[in-house]
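This report walks through a few selected features of one structure, with each term explained where it first appears. Please keep the structure in view while reading.

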Amino acid sequence: MLKFKSFLLLVFSVLIFSSCKTKEPEWTELFNGKDLIGWTANENPESFRVENGVLVADGPISHLFYTGDFHKGVFRNFELKAMVKTEPSSNSGIMFHTQEQPHGPLLRGYEVQINNTYERPGDFHELKKTGSLYGIRNVYYPTVKDNEWFELSFKVVENRCEVFVNGTKVVDYIQPDDPYRPKNDKLKVFSAGRIALQCHDKDSKVYFKSIQVKPLPKAEKFAMLVSKEWDDKITKMMFENFPVIDFHVHLKGGLTIAQACENSLKLGINYGIAPNCGLKFPVTDDASLKAYMDTVQTKPIFRGMQAEGREWVTLFSPAAVAKFDYIFTDGMTWTDHKGRRMRLWIPEEAFVDDEQQFMDELVGKIESVISQEPVDIHVNPTFLPAVIAAKYDELWTDARIDRFVNVLAKNGVALEINSRYKLPTEKILRKAKEAGVKFTFGTNNTGADLGTLDYSFEMKEKLGLTYKDMFMPKKQNEKPVLVKGLPKKITG
Ligand SMILES: [Zn+2]
């Protein structure tokens, strides 16, 4: 018996000893829930206050620095988790590796963005949403709603920052040696420094219930997962507020949503993933549409709908369709004057008896689709079947291009710059830009390889596109399917 007791004692001592040894560093709460002791505001200190145990950022621009005793208020490697709530049209953020500054936007360190529905009034439109590593790796898709508490957390280790919204990873950034930074943003790099909260402007109101920090030990530097050249290219566009988004991704060729999200984090491209919706497709009515939405509701993506065939308008209700962030369709499936249903990308199903007549009919079909179907984006644009593809420049005459561009402009439908087909050509894109048409980037992958949007990026450079030339999903009440409704059937 004695022997057994000493054995138990031994077991307990080992357990206690090993648990002490491997014990994780504790989370420390930086906000005491009563007052702002341990925090120091710069300009406009009245913009921060405590109300009912909650820290409120509400007032003209100001930053609130953690200057308390814990870790002397200086953090290098650490994890942070905060409970946050926004009011509509609010903008805030949590800065790290920063330092006190008397006024203005903070120059040093990084910001993890808080913005669910904010669009700055005036000339500049802020596209960076909650979870963005501001200007470095932007999140353009919505993650959380206003007026709801959410957890914003991030982990900073050496040259890497991972950001999570409600536990879902939305950013995974590895900083290269000598990263690309614009002239005035050279201090936006990892170092060691303060944590600060941002109050962006007088119209913003953001609440913080808890801000906990867990310091982490020094670690090995992370190796880059992409080339320096790629990292520079993406970072430059992120600084420009340019929507680096592939709106035309399908879960095809065995590609899972988890793989797509991992690829998105690695490359820095946001994805819009779209099921094919229509007759004889996976999503074919309101019930299957809802079932699909349930599977992607919390995923870090835009939720797109590819509307298939011309019958789709009769299969769904506008309210169900409006659950998607955007809808797109193409002009590749239609029935010709002889009653032949064509799918232009399948050589056996594309009938070209007379090239000129075919082209006139094609442009007419595209016009009726774009003007009658309440879609956001026209994809796979100006595609011609293989049998006449070599004559693209000849058959897409100026007159036909004008008709195409005009119907897009008139109906406010955006034009995809498709990287798989490398379409439309630069000439057509220039005409579309002149007509004020907005653009999107899209791949339309057939397999698991999503590529890197090369043609889209090339055209962006050639045309000098800025974020103002680009389509972004509309607000709920402005979606075409709710504004225009769904026609009973498509004519023409
Ligand atoms: Zn597609």
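## Helix 11 and its salt bridge

At 37% relative accessibility, Glu458 counts as partly exposed, because that class lies between buried (under 20% relative accessible area) and exposed (over 50%), computed with a 1.4 Å probe on protein chains only. Lys462, at 43% relative accessibility, is likewise partly exposed. Glu458 and Lys462 are four residues apart in helix 11, and are therefore separated by about one helical turn; helices (H or I, at least four residues) and strands (E, at least two) are DSSP runs numbered from the N terminus. The two residues form a salt bridge whose closest N and O atoms are 3.1 Å apart, the term meaning a side-chain nitrogen of Lys or Arg within 4 Å of a carboxyl oxygen of Asp or Glu.

## Basis of the model

This is a predicted model, in which local features need pLDDT of at least 70 and side-chain atom pairs count only at pLDDT 80 or more, while totals for chains, interfaces and linings use all residues. Residues are numbered from 1 along each chain as its sequence is written, and side-chain values use heavy atoms, with hydrogens and water left out.

## Salt bridges between helices

The structure holds 37 salt bridges. One of them joins the side chains of Arg403 and Glu367 at 2.9 Å, N to O, and this pair links distant parts of the chain, with Arg403 in helix 9 (residues 398–411) and Glu367 in helix 6 (residues 355–372), 36 residues apart. Arg403 is partly exposed, with a relative accessible area of 32%.

Lys427 forms a salt bridge with Asp398, their closest N and O atoms being 3.0 Å apart. Here too the pair links distant parts of the chain, since Lys427 belongs to helix 10 (residues 426–434) and Asp398 to helix 9, 29 residues apart.

## Arg160 in strand 10

Arg160 lies in strand 10 (residues 160–165) and, at 18% relative accessibility, counts as buried. Leaving aside neighbours within four places in sequence, Arg160 is in contact (heavy atoms within 4.5 Å) with several residues, including Lys155, Tyr173 and Phe222.

## Helix 2

Helix 2 (residues 228–239) has twelve residues and reaches 16 Å from its first C-alpha to its last, close to the 16 Å expected at 1.5 Å a residue, where the expected span is 1.5 Å times one less than the number of residues. Among its buried residues are Trp230, Ile234 and Phe239. The buried residues of helix 2 pack against strand 11 (168–174), helix 3 (257–267) and helix 11 (454–463).
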